[in-house]
Amino acid sequence: MNCQEFLERYSEFRDFDEADTDLDSFKTHLDSCPACHRYHEVVERGVELARSFTGPSPREDFEDRLRHRIYHADLVAQTRRRDGSSPLIAVALAAAAVLAGVGAWGPISTITSAPTVDLPGISASAPQVRTIPGPLPVRESAERSPAFLNHSNLWSESNTLLYEHSNLYHRYRDGTLIRTGLH
Amino acid sequence: MFAEKKTHDAFGVIPAGDTRKELASLGDSEVVQKFLDGEERAFGELVRRYDSRLLNFVYRTVGDRERAQDLVQETFVRVYRHLHRFDQSKKFSTWIYTIAGNLAKNELRNRSRNPLVLFQAIKKNWDADHRPLEWEDEAYKPDDLFRKRHLKEKVDEAVQQLPEHHRIVFVLRELEGRTYEEIAEITETNLGTVKSRLNRARNNFARIIAPMVD
């Protein structure tokens with residue numbers, strides 16, 4: 001046995017499977033190989049130390065808390081049973097929901113013959129064409145518009161309407177009112 | 001424990017002390033049967049038998065004392081609720097360790113949801129499974145008093161450093177004394193996997209603690 005084989009089969013030796021393990025070959029190698037001997041010692045000592053390490057103990061209130069949790073688990077289970085939410089009823093409700101869903105599903109409803117209804121023919125008339133009126137006379141609001149906007153073709157009717165409903169117009173109008181003290 | 005649910009004692013049929021002594025003298029499977037027959041005190045006996053052992057096992061698996069307490073509580077709640085489903089042809093201890101082990105594994109899985117942690121865990125597991133088995137004795141530091149003083153804690157930390165799938169088999173075998181067959185059942189793996197993981201876990205453990213052990 002060489003060191004590699006010893007390491008690969010070390011658990012056989014440590015766990016001492018009498019049926020399968022050739023213990024003599026392990027022992028012979030251990031006696032002749034200081035490195036593997038040290039390995040075995042380290043594992044033994046390490047496990048011994050790990051076992052001696054005092055792990056956590058259950059808290060003082062461990063049993064009280066456990067009793068409390070079990071009591072509530074029981075209570076919840078009883079409430080569910082009382083509310084009729086047993087698995088059987090849940091399955092029945094689920095089945096009913098599935099049937100209702102299937103009933104409402106289109107392909108099923110098309111299987112039944114739908115009644116034919118005669119409806120009057122649809123007639124449509126073209127909407128009346130509105131003519132756009134000519135330019136309106138310049139209004140007071142336009143007169144109060146900023147000077148830089150008053151150049152030719154800017155105050156056509158459509159632009160005037162747009163301007164009268166714009167935030168810019170209201171800001172200027174409000175500013176004028178505030179300045180003149182009319183508010 | 002759970003005395004208020006016990007009707008026999010309330011009616012004075014069986015004195016509490018006698019019941020406890022009687023339960024303490026029974027094997028696990030008999031205590032389980034008592035509980036299933038309506039003896040609520042039997043559950044208290046199971047808790048007394050397993051609370052510390054499970055706590056150590058879960059703590060060594062998840063490395064968090066407070067969380068271990070919660071997980072062991074959850075283990076007992078599940079046992080209480082599902083004991084009627086327990087296959088009594090099997091060992092109760094294996095069953096309860098399986099429940100605790102699954103809860104511990106879920107805890108570790110939830111923690112590793114972070115992609116970086118997940119990557120690190122995968123890398124650590126891969127390295128631990130594929131690194132050649134080797135043994136090189138690192139220099140011991142006899143003058144390192146701090147290490148010697150805290151040797152037990154350091155060894156405990158070394159167990160925590162093992163990858164999860166190695167740690168659980170290592171703890172079950174070396175610290176809990178479970179057989180290979182029981183470990184295979186608890187970890188839901190086959191015997192070959194248990195042997196392989198245990199051998200690698202021992203090798204990793206030895207490498208970590210060698211500098212601390214004289």
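This is a guided tour of a predicted model with chains A and B, going from chain A to the interface and then to single sites.

Residues are numbered from 1 along each chain as its sequence is written, and chains are lettered from A in the order in which they are written. In this predicted model local features need pLDDT of at least 70 and side-chain atom pairs count only at pLDDT 80 or more, while totals for chains, interfaces and linings use all residues; side-chain values use heavy atoms, with hydrogens and water left out.

**Chain A**

Select chain A and colour by secondary structure: there are 10 helices and zero strands, where helices are DSSP runs of H or I of at least four residues, strands are runs of E of at least two, and both are numbered from the N terminus. Of its 183 residues, 23% count as buried, a word that here means under 20% relative accessible area, with exposed meaning over 50% and partly exposed the range in between (1.4 Å probe, protein chains only). Chain A exposes about 13700 Å², with carbon and sulfur atoms supplying 58% of that area, as computed by the Shrake-Rupley method with a 1.4 Å probe.

**The interface**

Next, show both chains and select the residues in contact, that is, with heavy atoms within 4.5 Å: 36 residues of chain A touch 49 residues of chain B. The area buried between the two chains is about 4100 Å², 57% of it from carbon and sulfur atoms, buried area being the accessible area (1.4 Å probe) that two parts lose on being put together, summed over both. Pick out A:Arg38, A:Phe53 and A:Pro56, which supply 17% of the area that chain A buries against chain B, more than any other three residues.

Across this interface there are seven salt bridges, each a side-chain nitrogen of Lys or Arg within 4 Å of a carboxyl oxygen of Asp or Glu. On the side of chain A that touches chain B, helices α1 (3-8), α2 (10-15), α4 and α5 each supply at least two residues, and the largest share, 13 residues, comes from α4(A).

**Salt bridges between the chains**

Now zoom in on B:Glu66 and A:Arg59, whose closest N and O atoms are 2.4 Å apart in a salt bridge. This pair crosses from helix α5 (residues 65-82) of chain B to the loop between α4 (34-52) and α5 (62-82) of chain A. B:Glu66 is partly exposed at a relative accessible area of 48%, and A:Arg59 is also partly exposed, at 25%.

Then move to B:Asp70 and A:Arg65, which meet in a salt bridge at 3.2 Å, N to O, and which join helix α5 of chain B to helix α5 of chain A. For a network of salt bridges, select A:Arg14, A:Asp15, A:Glu44, A:Arg51, B:Arg173, B:Glu174 and B:Arg202, which are linked together.

**Within chain B**

Hide chain A and select B:Glu22 with B:Lys34, a salt bridge of 2.9 Å, N to O. The two residues are 12 apart in sequence, B:Glu22 in helix α2 (residues 16-24) and B:Lys34 in helix α3 (residues 28-36) of chain B.

Finish at B:Pro163, in the loop between α9 (151-161) and α10 (164-175) of chain B, where the residue is buried with a relative accessible area of 5%. Leaving aside neighbours within four places in sequence, B:Pro163 is in contact with B:Lys124, B:Asn125, B:Ala128 and B:Asn204. A distance label drawn from B:Pro163 to B:Asp129, C-alpha to C-alpha, should read 9.4 Å, for residues 34 apart in sequence.
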